[in-house]
Amino acid sequence: MIQFSIVVPTLNEADNIDSLLTGIFAQAFSPDTFEVIFVDDGSVDSTRDRILAWERHNVRLIERTEKPDLIASILAGVKMADSDVIVVMDADLSHSPEKLAALVQPILANSYDLTIGSRYVAGGSTANWPFYRQFLSRLGSCVARPLCDVNDATSGFFSFRRKLITHIPSQAHGYKILLELLMANHGKIRIKEIPICFQNRTHGSSKLSLTHQYAYIKRLIALAGGTVTLHTAGRFALTGLLGVLIDAAAFQWMLGNGAGLALAHFTSFLLAVTANYVLNSRWTFRAHHPGELHWQQFCRFLFVGALALLFRGGILALLIYTWNVPPGYAIFPAILVTAVINYLGSAFYVFPGPKSQTTTEIRWRTATIGIVAFILLLRLIYSGSAELIPDEAYYWQYAQHLDLSFFDHPPMVAWLIWLGTAMLGHTEFGVRIGALLCGVIALGYLYAFARNLYDKSTAMRATLLWSILPIGFASGLIMLPDAPLIAAWAATLYYMERALVAEQRTAWLGMGIAFGLGLLSKYTLGLLGIAALVFAIIDPKARRWLQRPHPYLAAILAVLLFSPVILWNYNNQWASFAFQSTRVLDDGSSEFAVHYLILHIIILLTPVGFMAAIYAFFANRKDSDLQIETRRHLFIQIFSGIPFLICLLLSTFDQPRFHWTAPIWLAIIPTIAWMIGNTDHLSAFARKITSAWRTVILVCILTYAFVLHYLTLGIPGVPYLFLTEHYFWREAAAEIKQVAEQVRYDSGQEPLIVGMSKWSVASALAFYMHSNSDTNLPIRSRNTLGGSGAMYEFWFPDQSPISQPIIQAGMKKHHIESVHLQFINNQQNNIAAKKLQVTTEILLDQPGMIESRTVMRHGMPVRLIHYRLSDGFKGIFALCNHGFPIESCEVR
């Protein structure tokens, strides 16, 4: 009885036939249990005769007269097979017959539905291949890997159940039938990869050509839901060329007639893209869609066009304002990148392939690849052109005063900024490169964490959700302590799950390192330590670790990594620990602020994300009663619930910081992602939540691109109205620099600039005055005049009289008018603290009136900068003349 059939496609393989069949029949199979079917595609050598000579040994020959096509040949062989188990292998001896048993036995035993002879798993290899062949093969497997759950999707040596072939679409063609099998049966079959050594052929010539490579990529894109072909690409290029001419001509004409950069770039783009859409819908993609302008299709086109436009603005800003490229030249690379975005968006979203050839799961994966790539590129482009916010400038000041730790935060953010600016200069990109890298690291660990909890599709959706949620997008762009914290939090979650749930001993090493690095980023990561202890107490299996040395060694490793912070605190009277432990009770007051905490979470997660998180926390999986699934869900509940409960408790008596809960949601994102792909297991309400994610994703992406463009180039017709006093510090610094130069000219002395805020004004002015010019004006924070100044109190603690001119600069007038001083009374060991508001005029020598300057950007007013001039500073003891008992007090 025939148990399996071996299908071997051939084309001019006469020199290999005898050796191949000899090897096959030498295996430990009874000759009557298998058959060999050769399918010849028109060989002109003696291939046919060599095969016919073996006919009496259960060897058959099928001769095709159609155009040579590997997939068609294999399908013809499968059709003629007498067995329900099929093996496909090449005739060129690259696939060793000795691996036949390893491929066939799992299928015959009903353990798997598809087995693959893989070159790219442990134990697999290629022998005697030139570099270019290895590169092309690796590349082909890599581009398919996000869509297929195998390492070697281009293998030609595999075994499968015959019924799987019925799912392959009729339009399948090319030379990689394995790809068709994987995509047509995605998520429905059991797959195993068997390591093989692929041998380069010794006789005959390879049939692989650039045509085959193109056919493979084209088919892969079609299976992913796109309509990218050489035909459509050529037509798109011709249409795009017309668009380039319209775009460039309109852009140059508008600039020449006095229009601003943003207006010229918007108008020229809209003219070009309108012409392109008409031609693309009626000509380029007409084979895939009718030429009418359907409203839904047109809305999709507008969305893709808007993203391309806003992305292009970032490129223009980077080229023109950062790299000083003339606008007339900068427009062309901007147009080129825009064309790529438009084409891919059109091929996969505006004019996609028929839904019948892809599953919903594959469309989600394709969307994940495109959207995450766009988000990463959007961050990359705008990270070098968008100005720093004051917080980033403050941490840049950390890097200019590098230390083991700092008063208000651990040192990781400073170390990353120092490294980035050492390599890339004191630029916005140099400051933010650490955030960009931390964002990528966080996505990588989140993907691995979600894949361990669920599956690859869920892991991909988890990275998509984190990329588009406000917390994920911002933490991967803005260089704050939260950037390395979130990367370390994701890593710690991954290693803790591996240690506590999967019970991998080696994971404790990774956990110790990740936990230590997380504490170097922000003390908040300590919440995961509390969660780990709670999980170990509740879960019986995890409880065993409490009797083993691994968690304690991991804790020791984390403490060793954290030791720079401990040493700094030891040398500075434990200042940072004291500050962090008391900041939740500012002024000893208490304020119920749970509603603020909830509001912040809704903003961080979006309303849909907030509701999905609640449902994901309480709803267990209904598709599995396995203990491991129960333990994993408990892990998610503990590692999101415990940190949240602590934040909730703190918010009952203190107003929470906006970003308090940001990293907490990393633990629950995988479950939300799982819900999106498993709606059958959800309630009607949960299905409504998951269906809203498509809209949330589109709105979030468009919002981020719009805001970044607005901050960098502006939006024609939209004035700068909100929170602008906290931004546009490059232009504000230029105004203060002009004031300083005038003071220097009038007085002959170098003025001291005092930023009248805790640290934001001084830091922003310092970055844009010192990093982008040759000037080195002294800049201090308000602590110079007696107010609080965070780390400035350590860097510049001197509050003695100053005889040089002083320029007070502030975001608002009242910031310049007064400072809050904290008096600590030490008389008779009766220590008491009291904050008083003190008018700065009594501290200054000959203070002038508070003046304001309008800050302009690209010809548009964006904000005011306020300042006051004085001849000097009298010193803190000048307060004695105004009734303050300074001799018995410390002033902070």
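The exercises below concern a predicted model and treat its sheets, its nonpolar cores and one buried arginine.

**Exercise 1. Lay out the sheet that contains β7, and state which strands stand at its edges.**

Step 1. The sheet is open, has 7 strands and shows mixed pairing. Its order reads β3-β2-β1-β4-β7-β5-β8.

Step 2. The edge strands, β3 (59–63) and β8 (191–195), each pair on one side only.

Step 3. Between neighbouring strands of this sheet the average turn is 20°, direction ignored.

**Exercise 2. Describe the pairing of β7 with β4 and β5, and state which way its side chains point.**

Step 1. On the β5 side, strand β5 (residues 114–118) and strand β7 (residues 158–161) run antiparallel and are joined by 3 bridges. Thr 115 has Ser 159 as its bridge partner, and Leu 114 stands opposite Phe 160.

Step 2. On the β4 side, 4 bridges link β4 to β7, and this pair is also antiparallel. Here Arg 161 of β7 stands opposite Val 85.

Step 3. Phe 158 and Phe 160 point one way from β7, while Ser 159 and Arg 161 point the other way. All four of these residues are buried.

**Exercise 3. Find which strands helices α1 and α3 touch or lie across, and at what angles they run.**

Step 1. Helix α1 (residues 14–25) lies across β1 (4–10), β2 (34–40) and β3. Its angle to β2 is about 160°.

Step 2. Helix α3 (residues 70–80) packs on the sheet and touches β1, β2, β3, β4 (85–88) and β7. The directions of α3 and β1 make an angle of about 150°.

**Exercise 4. Identify the largest nonpolar core and the surroundings of Leu 500.**

Step 1. The largest nonpolar core has 192 residues. Those with the most contacts inside it are Ile 468, Leu 500, Phe 639 and Trp 693.

Step 2. Setting aside neighbours within four places in sequence, Leu 500 is in contact with residues including Trp 508, Phe 535, Trp 545, Arg 631 and Phe 639.

Step 3. A second core, separate from this one, has 35 residues, among them Ile 62, Val 150, Ile 189 and Leu 220.

**Exercise 5. Lay out the sheet that contains β16, and explain what marks its edge strands.**

Step 1. This open sheet of 5 strands has mixed pairing and the order β11-β10-β12-β17-β16.

Step 2. β11 (779–781) and β16 (851–857) each have a single partner strand, so one side of each lacks a neighbour in the sheet.

Step 3. From one strand to the next the twist averages 30°.

Step 4. β16 is joined to strand β17 (residues 860–870) by 7 bridges, and the two run antiparallel. Within this pair, Val 855 stands opposite Arg 863.

Step 5. Helix α30 (residues 760–770) lies across β10 (752–755), β11 and β12 (806–810). The helix runs at about 165° to β11.

**Exercise 6. Decide whether Arg 857 is buried or exposed, and list its polar contacts.**

Step 1. Arg 857 is in strand β16.

Step 2. The relative accessibility of Arg 857 is 5%; the cut-off for buried is under 20%, so Arg 857 counts as buried.

Step 3. A polar atom of the Arg 857 side chain lies 2.6 Å from the backbone oxygen of Thr 712. A polar contact of 2.9 Å connects the side chains of Arg 857 and Glu 731.

Step 4. Not counting residues up to four places away in sequence, Arg 857 also touches others, including Glu 387, Leu 711, Tyr 720, Phe 728 and Val 862.

Methods. Residues numbered from 1 in each chain as written. Predicted model: local features only at pLDDT ≥ 70, side-chain atom pairs only at ≥ 80, totals over all residues. Heavy atoms only, no water. Pairing = 2+ DSSP bridges. Axes fitted to C-alpha atoms, helices over the stretch in contact; angles between N-to-C directions. Contact = heavy atoms within 4.5 Å. Core = buried A, V, L, I, M, F, W, Y, C linked by side-chain atoms within 4.5 Å. Buried < 20%, exposed > 50% of the residue type's maximum accessible area, 1.4 Å probe, protein only. Polar contact = N/O pair within 3.5 Å; in protein donor to acceptor, adjacent residues only side chain to side chain.
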